[in-house]
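Each label given to a part of a structure should follow from a value and a rule. The questions below ask for both.

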Amino acid sequence: MQARANATRRPGAQAPAHIHGPAPAAVARGARLLPRPPAANAPSEGSTEPVTRDDLVAHLRSGCRPREQWRIGTEHEKLGFNLADNTRMDFDKISQVFEKLQSRFGWQPITEAGLTIGCKLDGQSVTLEPGGQFELSGAPLATLHQTCAEVNSHLYQVKTIGEELGIGFLGVGFDPKWAIKDIPVMPKDRYRLMKSYMPTVGSRGLDMMFRTCTIQVNLDFESEADMVEKFRIGLALQPVAVALFANSPFVEGKPTGLVSTRGDVWTDVDASRTGNLPFVFERGMCFERYVEYAMDVPMYFVYRQGQYINALGQSWRDFMEGKLPALPGQRPTMGDWENHLTTIFPEVRLKRFLEMRGADGGPWRLICALPALWVGLIYDPQAQAEAADLIAPWTQDDRDYLRAEVPRKGLATPFKGGTVRDVALKVLAIATGGLERRGHDEAHFLKQLHVIAESGLTPADHLLERYAGAWGRSVDPLFKEFMY
């Protein structure tokens, strides 16, 4: 799900000599060196020193780094399923995958409460979402060629292991067949807390947790002003990514009438921690303003000595004053702040980098295309300026409209006298120019997106065509035909 950004591979680390080589940390201009965060989904503890509000702002500001240190961190999730009957793989089968990743490919275990709940290797991590969705969080890499090679290596490893164990992996945005009751729950206390809380704050939280998959990319910024402009571009154009990557038209074996069921799910998960953040477009947006927002997001937990302490719905501001009911008299540490930031799920999320979070899960070429889209838009100065000009006339009503309607109509969504397809073609032209000017021969990674935009047909449209025709109104063939 979108909550789980990889903390191990903070973009901005020095590029490894090889895509699987170590990635030492780099220091931003004017920033003190910060320790590398722990593995994805592994909570932080770190220093026991209480933090001030100024410390929280400084933590985000420390992400500013010079352009030559910018990196690309790509993540993707996929559904693991049993080849015999398409049921979702359970934790026992996942444990066998982890064991073989360690014994055969040299990965190291990530453990919680005595269980291996993930693996890590050279800045990458493989972790689990609540329903066992299998996530690769990649290392911080310098080029799209490196990140795509990393994805290819990972898929080779899990596909080889899967064939031996009778399991496959499917890249889609939403589980096409199984109800929540049919999906195994992973043994992670964080997810146990979230499962109990989600139904109290929205109608689709459990769908998000157990049935969605995404592709996302984490990218750097140079300064506070650069962060703000990139943040605004990311939020405004996230619906374009939803449309181009729309790949989730089925629920429990039937069409939903949506091209991105996953995108629609996110409109009713928890309004206090999701959405397209109108304040980012207001005058005065800065790191401090995001800290104010994050401090108002209700808490999930505090992590102490290997245990998740239930703080569901409690106030971070009370925690800052030593008045948290779950831990009276204690004040938060920087590790607590890092953990809290992972429980905030807007369409673009700010940590010490920006996470672009709108795309459905999909096939290998689209995993490579997602970082290409955003790198092309915001890692080249001319492209970033063009993207900023494109969205400048849009109002908050425009952005809210796109967020609500694009999951339903995709590229065909009417917008400003045309359609979202028209916007997508402009966005791809800007991104292509940005990649060409980077000088790494990366523009071809956008090829599949050009095909989608020019045809006006999303991946979901092709799935629906097969469902109505060759598949005989069954989703079962999807598993075999579209598994990695």
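Q: What makes strand 11 and strand 12 a pair, and in which sense do they run?
A: In this predicted model, strand 11 (residues 301-304) and strand 12 (residues 307-310) share four bridges and run antiparallel. Pairing requires at least two bridges, so four bridges satisfy the rule. Among the partners, Val302 is bridged to Ile309 in strand 12. The hairpin of these strands has two residues between them, and Gln305 takes a positive phi near 50° there.

Q: Why is strand 1 described as largely enclosed by the rest of the structure?
A: Buried means under 20% relative accessible area. In strand 1, 11 of the 11 residues are buried, so the strand is largely enclosed.

Q: Which residues show that both faces of strand 1 are covered?
A: In a regular strand the side chains alternate between the two faces of the sheet. On one side Ile72, Thr74, His76, Lys78, Gly80 and Asn82 are buried, and on the other Gly73, Glu75, Glu77, Leu79 and Phe81 are buried too.

Q: How do you know that strand 1 pairs with strand 7, and what stands opposite His76?
A: Strand 1 and strand 7 (residues 214-219) are joined antiparallel by five bridges, and the rule asks for at least two, so they count as paired. Opposite His76 stands Ile215 of strand 7.

Q: How many bridges join strand 1 to strand 5, and how many join strand 1 to strand 6?
A: Strand 5 (residues 134-137) runs antiparallel to strand 1 with four bridges, and Glu77 stands opposite Glu135 there. Strand 6 is also antiparallel to strand 1 and is joined to strand 1 by four bridges, with Gly80 opposite Phe169. With at least two bridges required, each of these counts meets the rule, so strand 1 pairs with strand 5 and with strand 6.

Q: Why is the contact of Asp175 with Arg88 called a salt bridge?
A: The cut-off is 4 Å between a side-chain nitrogen of Lys or Arg and a carboxyl oxygen of Asp or Glu. The closest N and O atoms of Asp175 and Arg88 are 2.6 Å apart, so the pair qualifies. Asp175 lies in the loop between strand 6 (167-170) and helix 4 (189-197), and Arg88 in the loop between strand 1 (72-82) and helix 2 (91-105), so the pair ties together parts 87 residues apart in sequence. Both Asp175 and Arg88 are buried. The whole structure has 33 salt bridges.

Q: Are Arg273 and Asp270, which meet in a salt bridge, buried or exposed?
A: Their N to O distance is 2.7 Å. Arg273 has 0% relative accessibility and therefore counts as buried. Asp270, at 3%, also counts as buried.

Q: What makes Glu321 and Lys323 a salt bridge, and which accessibility class does each fall into?
A: The N to O distance of Glu321 and Lys323 is 3.6 Å, which is within 4 Å, so the pair counts. Glu321, at 46% relative accessibility, is partly exposed. Lys323, at 54%, is exposed because the cut-off for that class is over 50%. Elsewhere, salt bridges with shared partners join Arg204, Asp207, Arg211, Glu252, Asp264 and Arg408 into one network.

Q: What makes a set of residues a nonpolar core, and which have the most contacts inside the largest?
A: The members must be buried residues of the nonpolar kinds, joined through side-chain atoms within 4.5 Å. The largest such core has 113 residues, and Phe134, Phe231, Leu237, Phe245, Tyr290, Leu373 and Trp374 have the most contacts inside it. Helix 6 gives the most to this core, with 12 residues. A second core of 33 residues is separate, and includes Tyr191, Cys213, Val269 and Phe345.

Q: Why is an empty space called a cavity, and how many are there of 30 Å³ or more?
A: A cavity holds points where a 1.4 Å probe fits but cannot get out. Four cavities of 30 Å³ or more are found. The second largest has a volume of about 140 Å³. Its lining has 17 residues, with Gln238, Pro239, Val242, Glu347 and Arg403 nearest the centre.

Definitions and conventions:
Residues are numbered from 1 along each chain as its sequence is written. This is a predicted model: local features need pLDDT of at least 70, side-chain atom pairs count only at pLDDT 80 or more; totals for chains, interfaces and linings use all residues. Side-chain values use heavy atoms; hydrogens and water are left out. On a 1 Å grid over the protein atoms alone, a cavity is a set of points where a 1.4 Å probe fits but cannot get out, and a pocket is an open set with protein on both sides within 12 Å along at least five of seven lines; lining residues have an atom within 4 Å of a point. Grid points are joined across faces, edges and corners, and a volume is the space filled by probe spheres set on the points. Buried means under 20% relative accessible area, exposed over 50%, partly exposed in between (1.4 Å probe, protein chains only).
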